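Student: I'd like a close look at a single part of this protein, with enough of its surroundings to place it. Could you take me through one strand and the sheet around it?

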Amino acid sequence: MLVKTFGYAVQGINATKITVEVNINTGVNFFLVGLPDNAVKESQQRIDTALKEHGYKIPGKQITVNMAPADIRKEGSAYDLTIAMGILAASEQIPMEKAGDYVIMGELALDGELRSIKGSLPIAINARQDGFKGIILPASNAQEAAVVSGLEVRYATNIKQVIDFFTGEKDLPIAETNLDEAFLQNIESIEFDFSDVKGQENIKRALEIAAAGGHNAILIGPPGAGKTMLSKRLPSILPPLTLEEALETTKIHSVAGKTGRTGAGLVTQRPFRTPHHTISDIALVGGGNNPQPGEISLAHNGVLFLDELPEFKRTVLEVMRQPIEDRVVTISRAKFSVEYPASFMLIASMNPCPCGYYNHPEKECVCAPGIVQKYLNKISGPLLDRIDLHIEVTPVPFSELNKQHSSELSKDIRARVIKARLLQSVRYEKEKKIHCNAQMHTSHLKAYCQLTEAGNTLLKNAMERLGLSARAYDRILKVARTIADLDNSKNIETNHIAEAIQYRSLDRDGWAG
């Protein structure tokens, strides 16, 4: 008897329908074909033991399981339940009239318990598009998949519940999520607030500009000056995720298996990823035998924070150059390629030298001549070219630390950032793939960053006197455009240019001695 059940293979952040065909005939053997990997091949032992625990068994006949299309590699243990239901139906141990209506996926424990799978959100999205009535998943994946409307998301904790559903003995519960309520529930939740930071008003201003224009930034200063503390509070002033951004972000985290373990549904807050400096280039960008999203994709629509930037391996930093520019990562293999979104804000921090006290107002730097420049040279020019704001952080004096009044709240800064982003969304509504000032190309500068004669003169004099490089020119114009938006000014004035110039510290001749 031939029976078909259905599952999905996740590729990138999309899913492809997999038809599991089970045929039982005379003989004694078990064939699993259709390009399965080792985890799929080992499903026979898991299925056999799980079924015996609940009074069922794999029949002692010739069983052929084909996973079509056969040219797509099937990876992971998520097909255990799909194959098990097909075997039970083909051996007539259970009726399967409803099998064609549902996608069935889940990993089996030896006692029949269902364990979570990766990619349940893209699977649910594609199941709805392919016309399935519903999907049957482990309970830990239900809330995530329930984000998709127009699809029955049924869940179970063990295989016996799924069997009872198909035999008609018991019904499976349906997971329901109010998408708008789930989206709005935690959208305003803030873990770290700028009001906790004493002093550093100029640094807060720089990060407000970075948030308003989507600019990459690097903070340079001695140990204990507050670089990490300030960076961790950046997400609190970024505009809230839109529903579209939340769904796209959740898909990436779902594929990486970062949501199913917690039972969480929609990702409602902008990601803030902080990889350690020992990270490999594959872990940062993504890849592996079974390509998975890396840290830069997990930071999509959020912030990637690289603490102690010069301590990262140079090869790791260099692989970020293309994703920062293109805002997408393409991972290619001999037979296929996958694409992951990677639109993130890069925030980095570093000491100015190995001892950490170069340019310190009180402590003396003990580094030998040329060491400071050598330390800075660990970061390549092309990478610095993609960082718009270079912010010098100085230690907070005791007089500021001892003040009792609280600083400005993050929600007040965020209100100004949102207002500036709205101006940019109107400005770029006809432009493709441009949503904020940081994403402008050189061709857009003529249209949106026109300067007055006084502004042109100021910029010309600054570049000559400070020894600014040519690459600083575009960055200064983009940052000045953002400062003007924060001031609700249609034109870029001289004071906007003057403020933007001061955020190019590392481009100045002689900054490192």
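Tutor: What follows is a walk from the whole chain to one strand, its sheet, and then the empty spaces and a few backbone details.

Please keep in mind that this is a predicted model. The chain has 513 residues, of which 53% count as buried. DSSP assigns it 22 helices and 18 strands. Along the principal axes, the C-alpha atoms fill a box of roughly 90 × 50 × 45 Å. Among contacts with a separation of 6 or more, 74% join residues that are 24 or more positions apart.

The strand to look at is β17, residues 345–350. Why choose this one? Because 6 of the 6 residues of β17 are buried, the strand is largely enclosed by the rest of the structure. The cut-off behind that word is a relative accessible area under 20%. In a regular strand, side chains alternate between the two faces of the sheet. For β17, Met345, Ile347 and Ser349 point one way, while Leu346, Ala348 and Met350 point the other way. Both sets are buried.

Now let us add the neighbours. β17 belongs to an open sheet of 5 strands with parallel pairing, in the order β11-β14-β17-β10-β18. The edges are taken by β11 (272–273) and β18 (389–392), each with a single partner strand, so one side of each is left without a neighbour in the sheet. β17 itself pairs with β14 in the parallel sense, over 4 bridges. With β10, residues 217–220, the pairing is also parallel and also runs over 4 bridges.

Some individual residues help to set the register. From β14 (303–306), Val303 stands opposite Met345 in β17. Leu306 has Ala348 of β17 as its bridge partner. On the β10 side, Ile218 is likewise partnered with Ala348. Ala348 is thus a handy landmark for you, as it is the bridge partner of Leu306 and of Ile218.

Next come the empty spaces. Rolling a probe the size of a water molecule over the atoms shows where empty space is left. The structure holds 1 cavity of 30 Å³ or more, and the largest cavity has about 30 Å³ of space. Its lining consists of Asn216, Pro323, Ile324, Arg327, Ala342 and Phe344. By class, that makes 4 nonpolar, 1 polar and 1 charged residues.

The largest pocket holds about 1400 Å³ of space. It is lined by 47 residues, and Arg327, Ser343, His435, Cys436 and Gln439 are the closest to its centre. Arg327 therefore appears in two places, since this residue also lines the largest cavity. The elements that give two or more residues to the pocket lining are α10 (243–255), α14 (321–326), α18 (410–427) and α21 (471–486). Of these, α18 gives the most, with 5 residues. The lining as a whole has 16 nonpolar, 13 polar and 18 charged residues.

Just ahead of the pocket-lining helix is a loop to inspect. Ser407 sits in the loop between α17 (398–401) and α18. Its relative accessibility is 12%, so Ser407 counts as buried. The side chain of Ser407 makes a polar contact with the side chain of Lys204, at 3.2 Å. Leaving out residues up to four places away in sequence, Ser407 touches Phe194, Ser195, Val197, Lys198, Glu201 and Lys204.

Finally, here are the backbone details that you may want to check. Gln200 lies in the loop between α7 (179–185) and α8 (201–213). Its phi is near 55°, a positive value in a residue other than glycine, and Gln200 is buried with a relative accessible area of 9%. Asn301 is in the loop between α12 (295–298) and β14. Its phi is also positive, at about 65°, although Asn301 is not a glycine. Asn301 is buried too, with a relative accessible area of 11%. The peptide bond from Ala68 to Pro69 is cis, with omega near 0°, and Pro69 lies in the loop between β4 (62–68) and α3 (80–90).

Notes: Residues are numbered from 1 along each chain as its sequence is written. This is a predicted model: local features need pLDDT of at least 70, side-chain atom pairs count only at pLDDT 80 or more; totals for chains, interfaces and linings use all residues. Side-chain values use heavy atoms; hydrogens and water are left out. On a 1 Å grid over the protein atoms alone, a cavity is a set of points where a 1.4 Å probe fits but cannot get out, and a pocket is an open set with protein on both sides within 12 Å along at least five of seven lines; lining residues have an atom within 4 Å of a point. Grid points are joined across faces, edges and corners, and a volume is the space filled by probe spheres set on the points. Ala, Val, Leu, Ile, Met, Phe, Trp, Tyr, Cys and Pro count as nonpolar, Asp, Glu, Lys and Arg as charged, and the others, Gly among them, as polar. Buried means under 20% relative accessible area, exposed over 50%, partly exposed in between (1.4 Å probe, protein chains only). A polar contact is a pair of N or O atoms within 3.5 Å; within protein, one must be able to donate a hydrogen and the other to accept it, and residues adjacent in sequence count only if both atoms are side-chain atoms. Contact means heavy atoms within 4.5 Å. Two strands pair if DSSP finds at least two bridges between them.
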